[in-house]
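I opened a fresh page for this one and went through it step by step. My notes follow, in the order I looked things up.

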Amino acid sequence: MACLRRQPNIDTRRLALLGHSVGATAALLHAAHHDDVRAVVSLSAFAHPGEVMRRFMAEKRIPQALLVWYVFRRVQQAIGTTFDEIAPLNTLAAVRCPTLLVHGIDHHTVPVEDAYRLLTASSQAHLLLVDGDHDLREALAPHGRALVAFLSTAFEAPPEHSNCGAD
């Protein structure tokens, strides 16, 4: 964000974050801790990274008893934080700006139930379900106007009511 703010042709009062999957987690995490964006568009976000890993391991029929503990521990050490601290289900409540959760109804990696759970975690969140799976490139095309309308509304709101982040 700091790099964008230094660009001469960027209106720093109209910055939004868009992230897909793990990128959506990063966008929501940033917005939960900073006041520098006016809106977030989250594509195919999972509720909790630990749940995604468990589902993946079960799908691949990987024995989970001891292995889950070890894998979780190693991944959390590598990223330098816990899954609970970065889980959108836990961070979304601190996001104060308008947030659009976009999720494919045919998503198998991250079931649509995750999107509904995230929706209940924030009074600022809105849900847009689309015909698609994890890769939403084609599924988003018919919803271009809705995405633009969401961002336009977020940018038109007074800044004190649409800033992201914690106090």
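**Entry 1: the overall layout**

I began with the order of elements, and along the sequence the protein chain reads α-β-α-β-α-α-α-α-β-α-β-α-α-α. That pattern comes from 10 helices and four strands. I should jot down early that this is a predicted model.

Next I checked how closely packed the chain is overall. Its radius of gyration is 17 Å, close to the 15 Å that the globule rule gives for 167 residues, so the protein chain is as compact as a globular protein of that length. I also looked up the extent of the C-alpha trace, which spans about 50 × 35 × 30 Å along its principal axes.

**Entry 2: surface and contacts**

How much of the chain is buried? I found that buried residues make up 41% of the 167 residues. The area the protein chain exposes is about 9400 Å², and carbon and sulfur atoms supply 57% of it.

I then turned to contacts with a separation of 6 or more. Residues 24 or more positions apart account for 70% of those in the protein chain.

**Entry 3: strand β3**

I picked strand β3, residues 99–104, for a closer look. Why call it largely enclosed by the rest of the structure? Six of its six residues are buried, so that description follows for β3 (I took buried as under 20% relative accessible area).

I wanted to know which way the residues point. Thr99, Leu101 and His103 point one way from β3, while Leu100, Val102 and Gly104 point the other way. Both sets are buried, so my note on enclosure holds for either side of β3.

**Entry 4: the neighbours of β3**

Which strands pair with β3? One of them is strand β2, residues 39–43, which pairs with β3 in the parallel sense over four bridges. For a landmark on this pairing, I noted that Val40 has Thr99 of β3 as its bridge partner.

Strand β4, residues 125–130, also runs parallel to β3, and six bridges join the two. Here I wrote down two bridge partners in β4: Leu128 for Val102, and Val130 for Gly104.

Last, I traced how the chain gets from β3 to β4. The path goes through helix α7, residues 112–120, and this β-α-β crossover is right-handed.

How values were computed
Residues numbered from 1 in each chain as written. Predicted model: local features only at pLDDT ≥ 70, side-chain atom pairs only at ≥ 80, totals over all residues. Heavy atoms only, no water. Buried < 20%, exposed > 50% of the residue type's maximum accessible area, 1.4 Å probe, protein only. Pairing = 2+ DSSP bridges. Right-handed = clockwise from strand over helix to strand, strands pointing away. Rg over C-alpha atoms; globule rule 2.2 N^0.38 Å. Contact = heavy atoms within 4.5 Å. Areas by Shrake-Rupley, 256 points an atom, 1.4 Å probe, with all protein chains shown as cover.
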